[in-house]
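User: Take a close look at the salt bridges for me, and tell me how covered their partners are. Keep it casual, please.

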Amino acid sequence: MWQKNINDFQHVVAIGGGHGLGRVLSSLSFLGERLTGIVTTTDDGGSTGRLRQGQECIAWGDLRNCLNQLVTEPSIGSMLFEYRFAGRGELAGHNLGNLMLLALDNLSVRPLDAIRLISNMLKIESKLLPMSEFPTDLSARSACGNQILGEVSIDKLDSPPLSLTLSPKVAATREAVCAIAEADMIVLGPGSFLTSIMPPLLLEEIAQAIGQSRAKLVFITNLVAEKGPAGQMDLLTQWRWLEQHIGTGRVDAIIGPQGQYPAELDGLLMTASLGEEGLPHRHDRARLKAALDRAIHWRKRH
């Protein structure tokens, strides 16, 4: 079958975390159950970090954000899910959605069960899967050779790390590996390169599944430079990091904003006007979807 646009695909998988993945999922929510998001679960900051310290759970914040982005019918439930406590005391700063997911996790056999229950409550058809159902932290080896543990600490580095690992090593969610194997298209990014996009690729089962997949693989870059060490990594460096983990030649297309890029990316990079009117740092949903449609027919010449 000749795919004219992304709506012709039977299964699309988007991988990442934070607001970037939420934006992709929101722009492709029309796919319904044919869309799967695989979400990074290594965040150790904010409300999520506090819950992780006290409850030894996975990071719920990015999952909560992605669920919220997929809500198409606002309700009392969705309003409560995004409520954040103000004031002082133990609840201050906590997001009620994080607490709901944690409570359901404690009542369920698996964290995935908690996500499914919330998805049903919010009438979300698309699937959301944690990259792993076991707590783990992002670890980096700094330019000085020191081992830095945790996303918050890594984001404070003065320069990009030499390498990243997960500590402890954990298994990938089996449904995530199966989703990648069945995918027609895999989307990486946008989002924080080191702390949102890279963590799932550090799981051996996920990296191997992507490497073996025949799906079209598209990497979406950020529209503006990040703060922190990732902001010092140019697109060529990021591409090399990706291919180091998922296989040389595995990236089929890179979608980025218009601008000047290294010659090494010629034939691989597809530029487009992607920013939202008035908010140039944020991807416009319609423009993002149009760029992904165009990427289906992109033939890399690299």
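Analyst: Quick yardstick before we start: buried means under 20% relative accessible area, exposed means over 50%, and partly exposed is in between, using a 1.4 Å probe and protein chains only. This is a predicted model, where local features need pLDDT of at least 70 and side-chain atom pairs count only at pLDDT 80 or more, while totals for chains, interfaces and linings use all residues. Residues are numbered from 1 along each chain as its sequence is written, and side-chain values use heavy atoms, with hydrogens and water left out.

A salt bridge here is a side-chain nitrogen of Lys or Arg within 4 Å of a carboxyl oxygen of Asp or Glu, and that rule gives 11 of them. One is the pairing of Arg110 with Glu133, at 2.6 Å from N to O. It ties together distant parts of the chain, 23 residues apart: Arg110 sits in the loop between helix H5 (96-107) and helix H6 (111-121), and Glu133 in the loop between strand E3 (127-130) and strand E4 (137-141). (Helices, H or I with at least four residues, and strands, E with at least two, are DSSP runs numbered from the N terminus.) Both Arg110 and Glu133 are buried.

Arg174 also bridges to Glu175, with N to O at 3.9 Å. Arg174 counts as exposed because its relative accessible area is 55%.

Then there's Arg282 with Glu276, at 2.8 Å from N to O. Arg282 comes out partly exposed, since its relative accessible area is 35%, whereas Glu276 is at 17%, so Glu276 is buried. As for shared partners, salt bridges link Arg110, Glu133, Arg174 and Glu175 into one network.
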